[in-house]
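Colleague: Could you help me take a close look at one residue, and then walk me outward from there through the rest of the fold? I'm still new to this, so please explain the terms as you go.

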Amino acid sequence: MLFKKLVLENIRSYENLTIEFPKGSVLLAGDIGSGKTSILLGLQFALFGLQPGQKGSSILRQGSDNASTRLDIEIDEEIITLERTIKKSKNGSITQDSSIITIGTKREELSTMEMKERVIKLLNYPKEFAKKSNLLYKFTVYTPQEEMKAIVQEKPEVRLDTLRHLFGIDRYKKIKENAEILLKKIKDAIKLKEVLISELNLLREKFTSENEKKITLARGANEISLDYQKLIKIKEESENKLNLIQNTIDEKRELDSKIENLTILLQGKKDLESRMKKEVILMQKQVHEKSDFSEERLKAVSELLKKHQEILEERNSKFLELSSAVSVLDSKKERPLQLKNKITSLENCPTCLQPVSQDHKHRIGLQFQYEIEEVNRDLEQKLQQKQILINEIEKEKELVKGYEIDKNNFQQDKIKYEHQRTIEIKIKSDAFVLERTSNEIVDLKDQIKQLGIRSQTFSQAQENFNSTKKEFQNINEKMRIKEITTATQNKELELLKIRLEELSKEIQGKEKIREQIDYLRGLQGWVQKNFITLVDSMEKIKMAQLRSEFSKIFKDWFSILVSDSLMARLDEDFTPVIINQDYEIDYDFLSGGERTATALAYRLSLNQVLNSQSYIKTKDIVILDEPTDGFATEQIDKMRDIFEQLKAEQMILVSHEEKIEGFVDHVIRIKKDGTSSIESQ
Ligand SMILES: Nc1ncnc2c1ncn2[C@@H]1O[C@H](COP(=O)(O)OP(=O)(O)OP(=O)(O)O)[C@@H](O)[C@H]1O
Ligand SMILES: [Mg+2]
């Protein structure tokens, strides 16, 4: 890094300042209190802002409320501009206000912390300096005027700690601390894991015993399985036997059922036989008295009846004829009788109206009387004929009636006769059926007898079946017991297997943990014996290297600055030891110039060693504020060699010594008239 340009506004004794820093060595010259240190403080503020513990009032110009810095730096040939402001609030507190960084054309406004971090990063400084007081800048670039000697006078352990920090040696300490933490963690982990595997042996024993149990159980199961196989065979045989017996029983049952059916059939036939026999006897009784029916006689009677019926019919029609003739004759008598009676009672003739004489009456009366008597004679004859006819009709009626009765009787005889014929035919057919039925009965009896004999031969079958069945059931029961035992054993085996698997897994897990413990123990041993020792020796070697380098450079710088009578070296804790003719002189007993020289030599060698150890971007720049305070003239002369040997690309010096002006490339004069300003450049 190189400083290019600094602009200050209201910083300490400056109201306004623009200062450009050329390459090479620059001397800031000026009277006491003219404002030289203020520029260096302005540079430091412009770079890092306020340091922890640094008051704002040490920067802000008294009487001002606002201040600002603007610094151009060059890093790797790139110009970076850093801008900061400070402001004073009404209550008097002074705070950093805004921070702006511009890289190339990119301008960014950042918070104070961001700005600090950004600059630390740009300078390749360790991150921690963003929060801490920037010791690296302090010891490699700019040590404030009063603090130059402080590092030398510091307590050895504090200085050593500071140096270890600067050299990055404290990282070994950190590594060791971390290694201890790691060791503790490893120990804790081992303890924990040991607890976890505490039951490993017990588990192994358990596994062995459970496994033996499993083997015994498996053997037992195998034996049961063999027995079971045998039982299956026995059961099969028994089953076959049972089937055979069952067939026999079925056959017997069939025979018995046949016998039963035949017996029922036989009984039916017997019933039929006896019923038919009774019927035949009854029928025989019916045909016992033979009817004397004759067809010829029936025919003769029928003919006679017919003949007399015809005669009767003829007589009846004759009677009707006679009856009507009698009626005609009776009506023929009516008129003469009426006329006779009329004449008798008649006085005058109805025609001539002349009285009728008795004679005349008598004569005419007689005439009518004759007429009547003639009719009466006819009538008498007819009535006689009618009487004869009635008698004949009565006689014929009697005959017809008698023949009708006869005919009826004959017809009934005929019916009876025909019935007897039918019965006789029935008796004959029944006799045939009876004979057949008798034969069937004999046959059925025979069949039943034969079947009975056969059925008898199977009488033992049921008993056999029962005993075989019992045997079969016994086998079944035995098999069932075996099955239950097998199932129980299998279940037990299954559980054992699961248990064994679990145990095995647990053991494996614990063995893995044991392996981990072994590994951790190895690691613990390695960290304890090897790693920490290694880090220790690395630290010692590094320290020794640095110390020897530092010591050599310090010796050189010291010998340049101080007269030959004094020698200098660094002791174990980097404390400068000054020797005057074999005697160590306490730092406080040295002259002012010697003390400054010691401090400067220490400061320069520290700067060199640090720069050689790191990649920080401020390697090429050195700022020295009054490095020659109290120097004798010859010591000041030696500053020329020192500046040459430092070979810094940019060196900013502050000194009152006019002589120094001749040793540098550039001189900037500062003056103060109320406010500081550049007098000449
Ligand atoms: N906050 C401030 N406001 C105003 N002036 C200040 C402030 N702080 C310091 N000063 C004054 O600024 C002036 C310059 O101080 P500075 O330390 O820069 O002087 P110098 O040139 O380094 O002097 P020396 O050679 O004695 O070291 C001094 O007079 C100092 O009292
Ligand atoms: Mg000063």
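Modeller: Happy to! Let's begin at Pro355, which is exposed because 10 other C-beta atoms lie within 10 Å (with C-beta atoms placed from the backbone, 12 or fewer within 10 Å is exposed, 20 or more is buried, and in between is partly exposed). Keep in mind that this is a predicted model: local features need pLDDT of at least 70 and side-chain atom pairs pLDDT 80 or more, while totals for chains, interfaces and linings use all residues. Residues are numbered from 1 along each chain as written, with chains lettered from A and ligands numbered from 1 in written order.

Pro355 sits in a loop, with α8 (295–344) on one side and α9 (358–457) on the other (helices, H or I of at least four residues, and strands, E of at least two, are DSSP runs numbered from the N terminus). Setting aside neighbours within four places in sequence, Pro355 is in contact with Glu347 and Asn348 (backbone-placed C-beta atoms within 7 Å). Now look along the chain to Ile197: 158 residues separate it from Pro355, and their C-alpha atoms are 196 Å apart.

The domains help us find our way. The assignment, which is automatic or from a database, gives domain 1 (2–167 + 536–680), domain 2 (201–285 + 460–506) and domain 3 (291–430). Pro355 falls within the bounds of domain 3. From the C-alpha centre of domain 3 to that of domain 1 is 200 Å.

Let's cross over to domain 1. Here an open sheet of six antiparallel strands runs in the order β2-β1-β4-β5-β6-β7 (strands pair if DSSP finds at least two bridges between them). Its edges are β2 (14–20) and β7 (106–110), each pairing on one side only. Inside the sheet, β4 (residues 66–75) and β5 (residues 78–88) are joined by ten antiparallel bridges, and one pair to look for is Ala67 with its partner Ile86 in β5. Helix α1 packs on this sheet, touching β1 (2–11), β2, β4 and β5. Helix α2 (residues 112–122) packs on the sheet too, where it touches β4, β5, β6 (94–103) and β7.

Helix α1 (residues 36–48) also leads us to ligand 1, as it gives three residues, the largest share of the shell. Among the residues around ligand 1 are Arg12, Ser13, Gly30, Gly33, Lys36, Thr37, Ser38, Arg61 and Gln62 (C-beta atom, placed from the backbone, within 6 Å).

Gly30 takes us on to strand β3 (residues 24–30), which runs parallel to β13 (residues 666–673) and is joined to it by five bridges. In that pairing, Leu28 stands opposite Ile668 of β13. Strand β13 then pairs with β14 (residues 675–680) through five antiparallel bridges, and Arg669 has Ser680 of β14 as its bridge partner. One residue lies between the strands of this hairpin, where Gly674 takes a positive phi near 80°.

One more sheet rounds off the tour: three antiparallel strands, open, in the order β8-β9-β10. The edge strands are β8 (566–570) and β10 (583–585). Helix α10 (residues 461–561) packs on this sheet and touches β8 and β9. Between β8 and β9 (residues 576–580) there are five antiparallel bridges, and Met567 has Ile579 of β9 as its bridge partner.

Conventions. Two residues are in contact if their C-beta atoms, placed from the backbone, lie within 7 Å. Axes are lines fitted to C-alpha atoms, for helices over the stretch in contact, and angles run from 0 to 180 degrees between N-to-C directions.
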